Amino acid sequence: VPRLANSAGALRNLVEENACWVDRFAFLRLPQKGGVVVAAAELHLENVRDRAVKKLDGMLVTMDENGDIISTCDADCAGTDVLVCSSKESGRDITFRMQAAPATASQSRRLVDLSPLEEDAGERIQTLHLPREVHLTVARSTIGGGTGADPWRGGILLARLICSWVDECQKLPSLRELFHDKDIFELGAGSSGLPSMAVASLEGDAIIPSSIVATDGVDEIIDVLTQNVARNRNGLSNSL
């Protein structure tokens, strides 16, 4: 997996989708364990570590020959620890089961040495891949703004829920009933505004709100939020 061109970015995105923003990420070789290679990540919010480990441990991941993730399945999926399968359509795909655990002190030090933070090196951008072929690219704020500077796990989960809504469930209103021709108002959207952009991306499903307003109380955050909306404008309705 570490040799695949896009695997590092794909695994980093997977951690961010299941935890929070990742400040550092690197593959570490462990000589004391026979040269085994592990993927190490430093989370921006330390208090979500245990939840992230629980979510990722045992997850079944399938990558294509470039290291892009094709599919994931939680720890309840059946299958062996490592599978390699081939097909004419997708080439050589690799399926493996993740083993997640808190990093040791020595692993943390090596990660810091390999991946120094460069806060002034420019924008730090991540792309969130959601159901319904929705892809949202957002940058965190590099000009401050407090807690709204980073995409929060709650916003990621809500955006994913919006895009994976099951219209056929009789106990719930359909997405169209929820959002079409409605005025949507997101309070405290932060710099990413993921739920608002998720709703604005449903135009292909003939779901077009009357208006979508994403708000925040910090001027610096509003500036970055505006830039993130512009960054995704081609995939969003004009309601936002």
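Helices and strands here are DSSP runs, numbered from the N terminus, with at least four residues for a helix and at least two for a strand. Keep that in mind as you click through this model, which is predicted.

**Stop 1: strand β9 and its partner**

Start by selecting residues 183-186, which make up strand β9. Now add residues 211-214, strand β10: the two strands pair in the parallel sense over four bridges. To see one pairing up close, pick Glu186, which stands opposite Ala214 in β10. How does the chain get from β9 to β10? Follow the backbone through helix α6 (residues 194-200); this β-α-β crossover is right-handed.

Stay with β9 and show the side chain of Phe185, which belongs to this strand. Is Phe185 buried or exposed? Its relative accessibility is 54%, and exposed means over 50%, so Phe185 counts as exposed. Next, display Leu187 and Val213 as well: together with Phe185 they make a nonpolar surface patch of about 330 Å². As you look along a strand, remember that in a regular strand the side chains alternate between the two faces of the sheet.

**Stop 2: two residues with positive phi**

Most residues other than glycine have a negative phi. Here are two to look at with that in mind.

Step back along the chain to Asp181, in the loop between α5 (175-179) and β9. Asp181 is not a glycine, yet its phi is positive, at about 60 degrees. With a relative accessibility of 54%, Asp181 counts as exposed.

Then select Arg132, in the loop between β7 (125-130) and β8 (134-139). The phi of Arg132 is near 65 degrees, again a positive value in a residue other than glycine. Arg132 counts as partly exposed, at 31% relative accessibility.

**Stop 3: a buried arginine**

Go to strand β6, residues 91-97, and select Arg97. This arginine is buried, because its relative accessible area of 17% falls under the 20% cut-off. What lies 2.7 Å from a polar atom of the Arg97 side chain? Show the backbone of Gly58 and you will find its oxygen there.

**Stop 4: salt bridges**

The count for this model comes to four salt bridges. Let's visit some of them.

Begin in helix α1 (residues 7-18) with Arg12 and Glu16, which are four residues apart and so separated by about one helical turn. Their side chains meet in a salt bridge, at 3.8 Å from N to O. Colour the two by accessibility: Arg12 is partly exposed, with a relative accessible area of 24%, while Glu16 is buried, at 2%.

Now select Arg24 and Glu42, another salt bridge, whose closest N and O atoms are 3.1 Å apart. Arg24 sits in strand β1 (residues 22-30) and Glu42 in strand β2 (residues 36-43), so this pair ties together parts that are 18 residues apart in sequence. Arg24 is buried, with a relative accessible area of 12%, and Glu42 is partly exposed, with 25%.

Finish at Arg49 and Asp50, whose side chains meet in a salt bridge of 3.2 Å, N to O. Arg49 counts as partly exposed, at 36% relative accessibility.

Notes: Residues are numbered from 1 along each chain as its sequence is written. This is a predicted model: local features need pLDDT of at least 70, side-chain atom pairs count only at pLDDT 80 or more; totals for chains, interfaces and linings use all residues. Side-chain values use heavy atoms; hydrogens and water are left out. Patches are made of residues with over 30% relative accessible area and no salt bridge: like charges are joined within 9 Å, nonpolar side chains (Val, Leu, Ile, Met, Phe, Trp, Tyr) within 5 Å. Accessible areas come from the Shrake-Rupley method with a 1.4 Å probe; for residues, only the protein chains shown count as cover. Buried means under 20% relative accessible area, exposed over 50%, partly exposed in between (1.4 Å probe, protein chains only). A polar contact is a pair of N or O atoms within 3.5 Å; within protein, one must be able to donate a hydrogen and the other to accept it, and residues adjacent in sequence count only if both atoms are side-chain atoms. Two strands pair if DSSP finds at least two bridges between them. A crossover is right-handed if, with the strands pointing away from the viewer, the path from the first strand over the helix to the second runs clockwise.
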